[in-house]
Amino acid sequence: MALRNIVTKEDKILHKVCREQMKFDDRLHQLLDDMAQTLENANGVGLAAPQVGILRRVVLVIETNVGEDEDEQILELINPVIVESSGEQVGAEGCLSVPGEYGIVRRPEVVTVRAQDRNGEWFEYEGHGLTARCICHELDHLEGHLFTEKAERMLSEDEIKSGSEED
């Protein structure tokens, strides 16, 4: 495993649509392992392949909705598509590729995503709350979009420092 550099919003790669991941091989497994290490090192909750310079439909999301005695798990979502969503949540969102900036973004409360695992097997996963927010955020990266495009408003430095995110 190796740490990968996280590109920032100025990099044009973040504004391009990603290609489908066709091969489920050692190279993909290495990318997934490197992304997991990079995500952990950056203390994030999600990471998309374009954020490390790879234009493929590959995303990692940390499932944080676990019991006290359970460890958080990393969801590997390859060629993901949201097949169902419901409810609504509005809250502060940030991004490893947009350091120090946060905005108020409206997302579904629950999403069901259909994706492939590292071996190419299809599965569905239902995410709630922060996990649903993260899935939507990371899938936006695959389409070349940043959260700043969807933010109802960006938070001021004072709001960020105080932890306030009220409209």
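The expected span of a helix is 1.5 Å times one less than its number of residues. Keep that rule handy, and remember as you click around that this is a predicted model.

**Stop 1: helix α1**

Select residues 26-42, which make up helix α1. Try the rule here: α1 has 17 residues, so at 1.5 Å a residue it should span 24 Å, and its end C-alpha atoms are indeed 24 Å apart.

Now colour the buried residues of α1: L28, H29, L31, L32, D34, M35, A36, T38 and L39. What covers them? The cover includes strands β1, β2 and β3. Just past the end of α1, click on N43, which takes a positive phi of about 55°.

**Stop 2: the five-stranded sheet**

Next, show the open sheet made of five strands, in the order β1-β2-β3-β6-β7, with antiparallel pairing. Which strands are at the edges? They are β1 (46-48) and β7, and each of these pairs on one side only. Look across the sheet and you'll see the strands fan: neighbours are turned by 40° against each other on average, direction ignored.

Zoom in on β2 (residues 58-63) and β3 (residues 73-86), an antiparallel pair joined by six bridges. For one of the matched residues, pick E63 in your viewer; its bridge partner in β3 is Q73.

Bring α1 back into view: this helix packs on the sheet, touching β1, β2 and β3, and its direction makes about 45° with that of β2. Helix α2 packs on the sheet too, touching β1, β2, β3, β6 and β7, and its direction makes about 165° with that of β2.

**Stop 3: the β6-β7 hairpin**

Stay with this sheet and select β6 (residues 110-116) and β7 (residues 122-128). Seven bridges join these two antiparallel strands. V111 is a good one to click, with G127 as its bridge partner in β7. Five residues lie between the strands of this hairpin, where G120 takes a positive phi near 90°.

**Stop 4: the nonpolar cores**

Time to look inside. The largest nonpolar core has 26 residues, and those with the most contacts inside it are V59, V61, L77, V113, I135, L139 and L142. Which elements give two or more residues to this core? They are β2, β3, β5, β6 and α2. The top contributor is α2, with six residues.

Pick L77 and show what surrounds this residue. Leaving aside neighbours within four places in sequence, L77 is in contact with R57, V58, V59, V61, V113, A115, Q116, F123 and I135. Apart from the largest core lies another one, of 13 residues, among them L31, L32, V52 and L60. Two of those names should ring a bell, since L31 and L32 are listed with the buried residues of α1.

**Stop 5: the three-stranded sheet**

Now select the other open sheet: three strands in the order β4-β5-β8, again with antiparallel pairing. Here β4 (89-95) and β8 (153-154) stand at the edges; each has a single partner strand, so one side of each is left without a neighbour in the sheet.

Six bridges join β4 to β5 (residues 98-107). Click along and you'll find Q89 opposite R107, and V90 opposite R106. Helix α2 (residues 130-142) packs on this sheet as well, touching β4 and β5, and its direction makes about 50° with that of β4.

On the other side of the pairing order, β5 and β8 are joined by two bridges. One to find is G103, whose bridge partner in β8 is M154.

**Stop 6: S97 in a loop**

The β4-β5 hairpin has two residues between its strands. Select S97, which is in this loop. Is S97 buried or exposed? Its relative accessibility is 0%, so S97 counts as buried. Not counting residues up to four places away in sequence, S97 touches I6, V7, T8, K9, L14 and Q51.

**Stop 7: A151, the last click**

Finish in the loop between α3 (147-150) and β8, where you'll find A151. The cut-off for buried is under 20% relative accessible area. A151 has 18% relative accessibility, so this residue counts as buried. Which residues are in contact with A151, leaving aside neighbours within four places in sequence? They are G103, I104 and V105. For a last distance, pick A151 and L130: they are 21 residues apart in sequence and 16 Å apart in space, C-alpha to C-alpha.

Notes
Residues are numbered from 1 along each chain as its sequence is written. This is a predicted model: local features need pLDDT of at least 70, side-chain atom pairs count only at pLDDT 80 or more; totals for chains, interfaces and linings use all residues. Side-chain values use heavy atoms; hydrogens and water are left out. Two strands pair if DSSP finds at least two bridges between them. Helices (H or I, at least four residues) and strands (E, at least two) are DSSP runs, numbered from the N terminus. Contact means heavy atoms within 4.5 Å. Axes are lines fitted to C-alpha atoms, for helices over the stretch in contact, and angles run from 0 to 180 degrees between N-to-C directions. Buried means under 20% relative accessible area, exposed over 50%, partly exposed in between (1.4 Å probe, protein chains only). A nonpolar core is a set of buried Ala, Val, Leu, Ile, Met, Phe, Trp, Tyr and Cys residues joined through side-chain atoms within 4.5 Å.
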